[in-house]
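Got your viewer open? Let's take a short walk through this model, one selection after another.

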Amino acid sequence: MVAEENKKVTSGLKELFKLYRFLKPYRWIFALGLTFLLISSGASLLFPKYLGNMVDIANREEGLREISHTGLILLAVVITQAIFSYLRTRIFVFVTERTLASIRQHVYNHLIRLPMSFFSERRVGELNSRISSDISILQHSVTETFADLLSQLLIITGGVTLMMITSFKLTFFMLAVVPAMALFAFFSGRAIRRYSKKAQTHVAESNTIVEETLQGIQNVKAFTNEFFEISRYRDKTDEVARAGIKGGKYQAAVSFIILGFFVAMGLVIWRGAILIAKGEMEAGQLFSFVIYSGFIAGNIAGMAGVYTRLQRTIGAAEKLLLLLDEPAEEIDEEYMPDPEHILSGQITFENVDFSYPSRKEIEVLRDISFSIEPGQNIALVGPSGAGKSTLVSLLLRFYEPTNGTIYFNGRDSQSFPVTALRKQMAIVMQDVFLFGGTIRENIAYGKIHAEELEIKDAAVQANAWDFIRSFPRGLDTIVGERGVQLSGGQRQRIAIARAVLKNPKILILDEATSSLDSESERLVQEALEKLMMDRTSLVIAHRLATVRKADQIIVLDEGAVVEQGTHNELLSYENGLYKTLTELQFVK
């Protein structure tokens, strides 16, 4: 079991060292910090020696002058240790913070470029934990763990060497007594931290419950599930308590560890006193010896903490590296429009099949084929779950078809860079997501460096300018988290203004008016009609009255195209799905 654990640690260390590439730009200043660490540790080893010398000088009845001289050397040693320890700490903090900033930036840059298939299988809380909690674990480990391990090994080996020079007899006696108690402390410390780690895991799970319930508090209250959530949280926090109680057994054993150290030190002093009585050792040497014994015992016991930190660091590093190993989309930051990649608005779906990566056994789209000409207004209709939104996701290349091909301008969509396609498309969804900043920032998200006049023009075209200018701060009005300060219709018009500003070749409207009141729907519909002019538009709608003017209506059912034509053509199909859906809505 121990061998297997050590094998895992060795394997984990190899993974951990992969993260040290982020430290490479600071390797020389880090090496200087390690040099200062060696000097400060060496100075620490000299401290017990000169204390012992001072005692021996006093016993030899030599002058106060030599005692004072030794005291000055001792003071110089202490000052040297303090200065180099200070410099070492400053350097390690600098290197750690710079390295962690690089890791955070790299992880976030990679995370945000991962495909939608990745996000559909992950929870936001889990990903947030990767970029916050796991990197925070590295904070005191990237440099400090390595430095502490080096310092402890230096003090243990250096201390034992100096003790052997002083008295090899007492050294062997000390090595038979003190390390045994230190190792007991080491393994107790590991056990305490193991249960502490379990408790931390349960705490993280309980925090996820808090995060999800507070984000979805409306649903919790609407379904009167307060007591269900209280019970879930209670169960998790009870697990935290149980893990803590088990760890407390080992914490209680600290009393016996302290007793053991006192006994061990008492035995060393007893043996040293016998050697002094025989004339084989001086009192000052025993004094130094006792301090060195304490140094060695403390550092052996302290290695439990270093080992635990190392394991936690390895765990965090492995999770981060798994995230970094996920294949990212090829997004071009400096993308410049290429004439070959400019879309005309012509789209063709040819025998497209699709299954979500997490549900490969379920075919969401089956043999989808249709064509759209530039500038056409196309409506996608059908029952819930028919595959309308999935089809849009394929168009945006959030996912790739399982079989078949999607063409733009008569060319395979995969021959276009993802950046080129998405820069020429815009989507307005039913559930509009607004960032928590200002109205200006949310509209400008369609064109990051837009001028003030462009933003105003977009707002006017989206029928949003009247309500925006009615606010005291106008475009600088804070919309609140997810736009909670605005009504549904206002949020929709901000989203439309964002799409107007982007000026896309292909516009996608995903049930953009289905949850609005009549007046808001009228304003939004007017804005949408202006936006759809002279560009290819795909409209997903449940309210069939809004798609009567479409150039072509594509009816989906159970992932397949079952009907296709204009409004009047589809109404002429006896027992057709579109006609049935229209009649049901009319009856309502």
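How much area does the protein chain expose, and what share of it do carbon and sulfur atoms supply? The protein chain exposes about 31,400 Å², with 58% of that supplied by carbon and sulfur atoms; the areas come from the Shrake-Rupley method with a 1.4 Å probe, and for residues only the protein chains shown count as cover.

Before you click on, know that this is a predicted model, where local features need pLDDT of at least 70, side-chain atom pairs count only at pLDDT 80 or more, and totals for chains, interfaces and linings use all residues. Residues are numbered from 1 along each chain as its sequence is written, and side-chain values use heavy atoms, leaving out hydrogens and water.

**Whole chain**

Select the protein chain and show it as a cartoon: there are 20 helices and ten strands. These are DSSP runs numbered from the N terminus, with helices being H or I of at least four residues and strands E of at least two. Of the 588 residues, 43% are buried (buried is under 20% relative accessible area, exposed over 50%, partly exposed in between, with a 1.4 Å probe and protein chains only).

**Helix α17**

Now select residues 488-502, which make up helix α17. The expected span of a helix is 1.5 Å times one less than its number of residues, so the 15 residues of α17 should span 21 Å, and the end C-alpha atoms are indeed 21 Å apart. Is α17 largely enclosed or open? Twelve of its 15 residues are buried, so α17 is largely enclosed by the rest of the structure. Among the buried ones are Gly489, Arg493, Ile496 and Leu501.

**Just past the helix**

Step along to Asn503, which follows α17 and sits in the loop between α17 and β7 (506-510). Asn503 is exposed, at 53% relative accessibility. Its phi is positive, near 55°. Most residues other than glycine have a negative phi.

**Another positive phi**

Next, pick Glu558, in the loop between β9 (552-557) and β10 (560-565). Glu558 also has a positive phi, near 55°, and is exposed, with a relative accessible area of 59%.

**Last stop: Ser413**

Finally, go to Ser413, in the loop between β5 (411-412) and α13 (418-423). Is Ser413 buried or exposed? Ser413 is buried, with a relative accessible area of 4%. Leaving aside neighbours within four places in sequence, Ser413 is in contact (heavy atoms within 4.5 Å) with Arg397, Ile406, Tyr407, Phe408 and Leu421.
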